[in-house]
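Me: Please take a close look at one part of this structure, and then set that part beside others. I should like each term explained when it is needed.

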Amino acid sequence: MNAPRAWLIWTIGVLAYLVAVAQRTSFGVSGLEATERFHASAAAISFFTVLQLLVYAGLQIPVGLLVDRFGSRAMIASGAVLMGLGQLQLAYADAVPAGVLGGRVLVGAGDAMTFVSVIRLVPIWFAPARVPLVTQLTGMSGQLGQLISVVPFALVLHSAGWNTAFLALSSLSALAVVLVLALLRDVPPGHPPRESGQGLRATGVTLARAWKQPGTRLGLWCHFTVQFSGNVFAMSWGYPFLVSAQGLNAATVSALMGLFVVTSILVGPLFGTFVARHPMRRSAMVLLITAAIALAWAAVLLLPGRAPLWLLALLVVALAIGGPGSMIGFDFARTFNPSHRIGTATGIVNVGGFVAALLTIYLVGVILDVLHTSGFSGGELYGLASFRIALSVQFLFLLVGTVLILMTRRKVRRQMAAQGVHVPPLLVSLANQRRRRVELRRERLAKQKSPTR
């Protein structure tokens, strides 16, 4: 493969994904302004994000099937067009129906087309040994989009106003469309062309086979468990929780959100290296991350009074680690499915974290409204006591996800034992490559230590 060309293709895909993440997380930063602009309750504001995530999650499997059929270039460009139109609509919306139906639905649909399409490029353009690391780099680089929504978007929102801020985001999507159509290609030169379009029956067979593979479902539940809490924090309730409940100023909150992004960037390559070297320890790593997230939330929510800044920083770090940790789920999809089914399997996996996130976001909003109308926490909508109760719903999802990971992992191991193999063929190849590198290194060291003649 042409390495420079592969990295160029990857860069264009990551830029499109970066823009998608900025569009996805922008509403979480503007939650307080949206409450005033639309004169809406907490549940109504949470519904903006919930509907966006519902559209995103609901389209993952169809998008996975479509990207296997039409290729990444067409899907990424189409997604950027939809997100640009959605933010354009939201810029001028002044009522909940227009903002929800015209804005967040289009953003959710466009966002749904992007990540799966970018991830599908990686095993096509890069050698198998590099895929885990490049996959982590993809997720890590895309998180810079959240930094765009936290810093420049927030500054424009507070200084120039709602319309200008969302128009600026819309223009980013237009730039992504131009770059993708001009520079991105689906396959390297000489690569076998995609198979011709398949009918509904063949599509159903592909979907059924991807789902029946226990490795796909293990990836789904790993993604479900470690990804949702960070999304809840970054996309919806993190900003109000830190400002209204914890009493932090906007600059400090921006710094914590920046720490979220920086941590994801630093940890991603480490996880990619770990997965490449220890493929049989992937689910164990996911369970460790789950425990860290649960402990961090417990420490913040159970502490009397407001949490100190250092503890909030630890919470942010734990949540940020969940993002790269969820990418391990896509590695399960890749290693347990043939190449022509990767898009479909990746779409199935990507449903997990976003379904858990949208359910959690909505439940938190409903609980906050119920507590507010009952006069709890002195009548404060976003009071600390109310947030303690509402955010505790996350522990239910963490527990359910952990149980499902353990159950599905047992099925994966039973299937592998029944087939007389201990690891998938691709993992065998990667392990053999690593073993050969170790042997060559030992031979070089032995030659260096032997006396010269």
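Reply: A residue counts as buried when its relative accessible area is under 20%, as exposed when that area is over 50%, and as partly exposed in between, using a 1.4 Å probe and protein chains only. The model is a predicted one, in which local features need pLDDT of at least 70 and side-chain atom pairs count only at pLDDT 80 or more, while totals for chains, interfaces and linings use all residues. Residues are numbered from 1 along each chain as its sequence is written, and side-chain values use heavy atoms, with hydrogens and water left out.

The part chosen is helix 10, residues 162-183. Helices here are DSSP runs of H or I with at least four residues, strands are runs of E with at least two, and both are numbered from the N terminus. The 22 residues of helix 10, at 1.5 Å a residue, should span 32 Å, and its end C-alpha atoms are indeed 32 Å apart. (The expected span is 1.5 Å times one less than the number of residues.) Its buried residues are W162, A165, F166, L169, S170, S173, A176, V177 and V180. Viewed down the axis of helix 10, these buried residues fall within an arc of 140 degrees, so they line one face of the helix. (The arc is that of the directions from the helix axis to the C-beta atoms.)

Helix 14, residues 282-302, can be read in a similar way. For its 21 residues a span of 30 Å is expected at 1.5 Å a residue, and the end C-alpha atoms lie 31 Å apart, which agrees. Its buried residues include R282, S283, M285, I289, W297 and L301. These buried residues of helix 14 occupy an arc of 155 degrees when seen down its axis, so they line one face. The face turned away from the buried side carries the exposed residues L288, L295 and L302.

Helix 4, residues 72-92, also has 21 residues, with an expected span of 30 Å and end C-alpha atoms 31 Å apart, in agreement. Among its buried residues are S72, M75, G79, M83, Q87 and L90.

A further pair shows how helices pack. Helix 1 (residues 3-29) and helix 6 (residues 115-125) meet at an angle of about 170 degrees, with axes 9 Å apart. (Axes are lines fitted to C-alpha atoms, for helices over the stretch in contact, and angles run from 0 to 180 degrees between N-to-C directions.) Helix 1 and helix 6 are therefore roughly antiparallel. (Angles under 35 degrees are roughly parallel, over 145 roughly antiparallel, 65 to 115 roughly perpendicular, and the rest oblique.) Helix 1 contributes R5, A6, I9, W10, G13, V14 and Y17 to the contact, and helix 6 contributes F115, V118, L121, V122 and W125. (Contact means heavy atoms within 4.5 Å.)

Two single residues complete the picture. T344, in helix 17 (residues 342-373), counts as buried because its relative accessibility is 0%. Not counting residues up to four places away in sequence, T344 touches G64, L65, D68, T206, L207 and A210. G329, in helix 16 (residues 328-335), is buried with a relative accessible area of 0%. Its C-alpha atom is 6.5 Å from that of V349, 20 residues away in sequence.

As for the whole chain, it has 20 helices and zero strands. Of its 453 residues, 54% are buried.
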